[in-house]
Amino acid sequence: MKQTSKEFSITSRSKHWVHLWHGFLSDKIAVMSLLIFAFYCLISLAAPLIAPFDVRDPNFMDLENSEIAPYWIDGDSRFLLGTDGQGRDLLSVILYGTRLSLTIGIFAVLIQGVLGICIGLMSGYFGGRLDNFLMRCADVQLSFSNMMVAIIVMALFQTIFGIASYQHLAMYMLILVIGLAEWPLFARTVRASVLSEKQKEYIDAARIMGIGSGRIMFKHILPNTVSPLLVIFTIQIANAIIAEAALSFLGLGMPVTQPSLGSLISSGFNYMFAGAWWICVIPSITLIVLILVMNLLGDWLRDHLNPKVYKD
Amino acid sequence: MDLLDVRNLNVNFQLKREDLAALIDINFSLKHGERIAFVGESGAGKSILGFSIVNLISRPGYIKSGSIKLNGNELSHLSNRQMRHIRGKRIAMIFQDPMMTLNPVLTVGEQMVEAIRSHTDLRKKEAKNLAIAKLAQVQIASPENRFNQYPHELSGGMRQRVIIAIALLLKPDIIIADEPTTALDVTIQAEILELLKHICDDNNVALILISHDLGVVSRVAERTIVMYAGRIVEQGPTLEIINDPQHPYTQGLLNALPQMSLPGHRLNQIEGAMPSLNDRPKGCAFHTRCPYVMDKCKQKQPDSLYNGVSHVACFMVEDMMKEISDESYDFDEGDGPDNGAYLLSISQQKGDV
Amino acid sequence: MFRFLIRRFIQALIVMIVISIISFLVQGRLGDPVHQMVGQSVTLEERKQIRDELGLNDSLFDQYIRFAKKAVRGDLGVSYYYKEPALDVILRKLPATLELSFSAIVLIIIIAIPCGVIAAIKPKSILARTLMFFSTIGLSVPIFIIAIFLVYFFSVEWQIAPSFGRGETEVIFSFWETGFTTWDGIKHLFLPSLSLALALMPLFVRLIRSEMMEVLQSEYIKFAWAKGLSPMRIYFIHALKNTLLPIITVAGIQTGTLVAYTILTETIFQWPGMGFLFWDAISRVDTPLISAYLMVVGAMFVITNTLVDLIYGLVNPTVRLSSHGL
């Protein structure tokens, strides 16, 4: 009996995803977004292989080459997208910068997700006082925006450890700070799903059969929250990348020696009005397009999976 | 002249790939102060009919053809701006769920005064007095206090009274009440129905009651129209419909009433479900559930015929009439669009409908 | 109402205590205050003596109590850089930040509400699609890029508006330095407030649109149509009022984002407000100023959230303030 109902739910679930995939393929904007996102992932992964220069090479910075305009203006075929103020090849730094931004974004959201899902599952499944307490924490945490918390924490961190040791830890700190800040979004959504799943008979059945609560939560309840989580995941990665860029722009994120897209834009800002617009504009466009496709994908998922994502 | 005259009304839903018929060839008329009812299962098109009279069908729906005349003036061609002067003023509506019908962030008074002021030149003070008078008329105690309250401070029955008062504000000719008691407690249902009936009588307002419940209908309506899958299958005096239903569907509806089945027996539900808009069968739409189904039922839609008391669209009834073959029955085998109108016009001359 | 205020007050107190502990830790633990005070020319013996005098060898708890007592009296320490009470420095910069935020909020309200409503009323019209297109793009452009491009076009290319500073200001009520009263001040306000507004606007346009579309499906809106009301009244009174309820809550939550964004905007435009001051304080490791900033922002935060809850209670009749809150 249990076997058949489980089989049924699996086939209908996979049917649902197949149907969704067909719908996805017929939406040009969504397909384009996914392709562009895949392209970003690919160049991030392959950055060390395809970048024309090795950013870790001490000879990479060469002030003699500084502020060379992109190839189509200057005709210098060594630097396709020109060079920045320190004479670094812009294409290479952007490739590495994208890699860094994406890495920080994805890992930060993974932390958010793991934290939020565990807290949400516990809160929804056990209920009572624990639930009350955790959700109160979520409220408070949410009301302090992640950007504000991140700016303050990173500022304190920088003052405590000093700039030098800070530079080594910057990436891990960024992942941690952005990751810890927005778990409530995941927690609330998972909790809501748990509460509605808990009503259903199969959970009772599983409990009566003596299946442990951890197993029930992860094997039976969690799969039903996949679609709302997917939406939050996509949009949160976009938000995390924005947060990282903002922190780096303020000088609280990645240092100039290890630039992410945000720090590239920040250092390009100074050259913007001196005529070397490409140092600022090209990384900006790279960042905007990346965030835009993530948002478009998130929108598409939200419209088509139609999950109950908490708005606030 | 009839107050409201609906002729060959067709309402469709324009979807991406297909144009689905929601109402097909609806014909009926309503006299001043008359109370009629539309009954049928949910999905029969009763509510859509109510909304199409005031041209408020929600988006993919539209009036495909036909005429709706109020005092001889065509309504279906009016612009939205012109229609606004009909809605609320000449034809008022009462909705199903009083909990959802009133705006939660505006006081009862605001929602009444705005209705008055958008149709008349009354000043605020006068509008308020009028509103309070109407609240009193629907038997709300201490109407001055209720006037300043928000909907959530009132009970369901009280809210439905407020809605009836709003419907009455501008002395409309017609009130369309769409399942006005379905969402209420059984004890309050009877009160609200009585109130509605008296209010209509006292103010000479015609009532179009939309309900799935023949029990409710029989208490209020003088004439009953039974709908099935977007068509009118039977219409006649309520007493006749209840005591001597002709159409198998009407018979089924009556048998399904709790008071009709013997104690200890199951309710006699009609087998099966009403076909949805996109898979309406060929011929008579009821043939899939009809106990008396014949071959021609599956081929052709029966015409609505007048048997001297009611109008019925059913081949079985038609055959019986033919068998009796009495001169006193009128029927016409032509199936042009004017057929129903022709038959109705005879019935109106007889003046007993 | 009274009970609501009491509850709200207790909640605010807890938040403030937490923030003050953080501030205390920042001030006490970061850097060596003795070093900051006397430099390096003092012997270890003398240092120890100064530490004792300052009470730095007392238990953390005692030190915190002392810190909190001083904080209640408005003493948040002395800025290393400005050599004057940190609170005074911050309060002097407060008007600039508040005026900037206020202008941005006004811009958001007068632009986002009509845009969201239009996009919801006729979701398939070209105007609505254009609005949604731009709001999706806007959502994807970080605030500092918006600011950079505004400066580039408005200040460098077209030279319409100045790109840094507050311009000419006047002192009103003998303590408030305002830029609203002079034309130069308003010109300087233009770009910073616009970029702050543009950064938060897309979120609100999209939110208002989706809430409004949901409200327009409701029974009470259908009933309003059936009453023969004018479309204006239905959209802007019946629907908008219900739409704004959830928006108010979101707006409250966005206060934190607004604070973060003022830091970014003020840094880019060198707007002499609290955010710019904070950024400066970080680069100068001016710990008393950093901790004072945290306290002031925390207090403002609590006040705004209380105000938002009060407004919500006033707009939404189904919430009785006495039963609302924590």
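**Where the chains meet, and a sheet in chain B**

Let's start where chain B touches chain C: 23 residues of chain B and 17 residues of chain C take part in the contact. On the chain B side, α3 (98-101) and α4 (108-117) each contribute at least two residues. By character, that side of chain B splits into 11 nonpolar, seven polar and five charged residues. Keep in mind that this is a predicted model.

Chain C also meets chain A, and here we can look at a pair of helices. Two packed helices are described by the angle between their axes and the distance between the axes. Helix α13 (residues 278-305) of chain A and helix α6 (residues 126-140) of chain C have axes that come within 8 Å and cross at roughly 125 degrees. Angles from 65 to 115 degrees would count as roughly perpendicular and those over 145 as roughly antiparallel, so α13(A) is oblique to α6(C). Their crossing is right-handed. From α13(A), the contact draws on I288(A), I291(A), L292(A), N295(A), L296(A) and D299(A), while α6(C) brings T136(C), I137(C), L139(C) and S140(C). Six of these residues are nonpolar, three are polar and one is charged.

Now back to chain B, for its sheet. Eight strands run in the order β6-β7-β8-β3-β9-β10-β12-β11, forming an open sheet with mixed pairing. At the edges sit β6 (91-94) and β11 (305-306) of chain B, each paired on one side only. Packed on this sheet is helix α11 (residues 248-255) of chain B, which touches β3 (35-39), β9 (223-228) and β10 (231-237) and points at about 105 degrees to the direction of β9(B).

For a parallel pair, try β7 (residues 174-178) and β8 (residues 206-211) of chain B, joined over five bridges. One residue to pick out is I176(B), whose bridge partner in β8(B) is I208(B).

Technical notes:
Residues numbered from 1 in each chain as written. Chains lettered and ligands numbered in written order. Predicted model: local features only at pLDDT ≥ 70, side-chain atom pairs only at ≥ 80, totals over all residues. Axes fitted to C-alpha atoms, helices over the stretch in contact; angles between N-to-C directions. Helix = DSSP H or I, 4+ residues; strand = E, 2+ residues; numbered from the N terminus. Parallel < 35°, antiparallel > 145°, perpendicular 65-115°, else oblique. Left-handed = near helix turned anticlockwise from the far one by under 90°. Contact = placed C-beta atoms within 7 Å. Nonpolar A, V, L, I, M, F, W, Y, C, P; charged D, E, K, R; others polar. Pairing = 2+ DSSP bridges.
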